[in-house]
Amino acid sequence: MATTEPVEDWAEDFDIFDPGFVKDPYPVWRDLRGQCPVAHSDRWGGSYMPSTFETVSQVAHDAENFTSFEVGVAPVPIAYDDDGNRLRSVISSDPPDHTPERRLMLPFFSPKRVERYREHTEELARRLIGGFIEDGRADAAGDYARQIPPRIIAEILGIDPEMSDDFTTWVQGVLELGLTDPEIREKYRIIIQDFFLEEIARRKEEPGDDLISVLLDSEIDGEPVPMHVIRANVGLMLVAGIDTTWSSIGSALWHLATHPEDRQRLVDEPELIPVAVEEFLRAYSPVTMARLARNDTEIAGRPVKRGERVLLSFPAANRDPEVFDDPEEVIIDRAVNRHIAFGAGIHRCLGSNLARMEMQVAIAEWLKLIPEFECEDPEAVTWAGGQVRGPRHLPVTFPNRSAL
Ligand code: HEM
């Protein structure tokens, strides 16, 4: 199934884990759009890869022909509880289950609710920078971007923020390393599962106002929310909230470290940061999802059979010249920017307000304290890809505090 053979034909034999593609996927999508807008590969269980805005949106909006039963970019085993119930979260549910279950969690991610965490995120960002500013160098991905999302999601779930390093390791195990290594994935899936079983048991004894307690206390159609749904959704919060935002903050800092004119502009005009964040989300969209065809169907004329996997390459859609002027350019004050980095249709990201706030704060606080910085060694930057793409090691240098 899996192969590491170099790719010769991206239209009919692409490899989403190809190291060159992970590092820079954009030329491949640019070529495919003109040549074969729905590519196919037998690698990693087989999948189709639409690369235009129209085809990606079509599939994302079509829950009738495409199920979210399996959303991994490569096949992974389905998890069940001891009674044989599939552990299904909103992200892996279809209608009619999906809508009421999603509605239960919406209040935790409303713009107003998210503002509660802004000050805390600002303090956290300053504290992290304080830890390395005197060194004159840092790993902007590892020492900074990676540190923010797990601490904020811990607040929402009422779990121990001091365990953030563990949370990130577990999520990387499931979402990154585990996609190509089933043993690693199962190891970390079980760690996350056992951790939340204990947390759920604790909340039953001592309820709070966190998301776990609220789900335990909620009803759908007069019935308690099934335990396999609660378990899957609290686990999803960790998995969905960490790698994604870490990657987005990291990509934005990588861009600023390599584009001094954009960096200087945001230092001079910090009010532009929310607009720039949308452009970073468009140009460096981290997330690719998948669907399985529920029926024999077609995408842009290419037949897709029932059960076959289709990748939702939101990063490719967001660089389609049919929709975005100069799509390969990062224009930090881009005025019209209807990107789909957070997906489209019924599964559109539940955490988008939170992710935006974290990105805005992370960039603003960094630029206030470290207005000048650059890549220490561009060759030393490493990227993860597949389901979530972003820098994992991003060494930067800057004048140390005594020089500021
Ligand atoms: C920049 C950061 C983020 C990006 C780019 C992102 C992207 C996405 C995308 C593309 C989807 C659609 C999935 C699909 O169509 O199958 C999604 C769904 C989701 N995201 Fe995010 N996400 C981010 C951050 C977060 C955060 C911080 C959370 C909070 C815990 C979160 C929670 C969720 C949830 C729960 C869903 C499933 C929604 C549903 O199925 O109804 N995400 N995200």
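Trainee: Left-handed or right-handed: what is the crossing where helix 13 passes helix 17?

Mentor: Right-handed: a crossing gets that name if the near helix is turned clockwise from the far one, and left-handed if anticlockwise, by less than a right angle. Bear in mind that this is a predicted model, where local features need pLDDT of at least 70 and side-chain atom pairs 80 or more, while totals for chains, interfaces and linings use all residues. Residues are numbered from 1 along each chain as its sequence is written.

Trainee: Why is helix 6 called oblique to helix 17?

Mentor: Helix 6 (residues 118-130) packs on helix 17 at about 40°, with the axes 9 Å apart. That makes helix 6 oblique to helix 17, because under 35 degrees is roughly parallel, over 145 roughly antiparallel, 65 to 115 roughly perpendicular, and the rest oblique. Helix 6 also passes helix 17 in a right-handed crossing.

Trainee: Which strand 2 residues show that both its faces are covered?

Mentor: In strand 2 (residues 47-50), Ser47 and Met49 lie on one side, Tyr48 and Pro50 on the other, and all are buried. Buried takes 20 or more other C-beta atoms within 10 Å of a residue's own (exposed: 12 or fewer; partly exposed: in between; C-beta atoms are placed from the backbone).

Trainee: And what makes strand 1 and strand 2 a pair?

Mentor: Pairing takes at least two bridges found by DSSP. Strand 1 (residues 38-41) and strand 2 have 4, in the antiparallel sense, so they pass. One bridge joins alanine 39 to methionine 49 in strand 2. The two strands form a hairpin with 5 residues between them, and tryptophan 44 in the turn has a positive phi of about 50°.

Methods:
Axes are lines fitted to C-alpha atoms, for helices over the stretch in contact, and angles run from 0 to 180 degrees between N-to-C directions.
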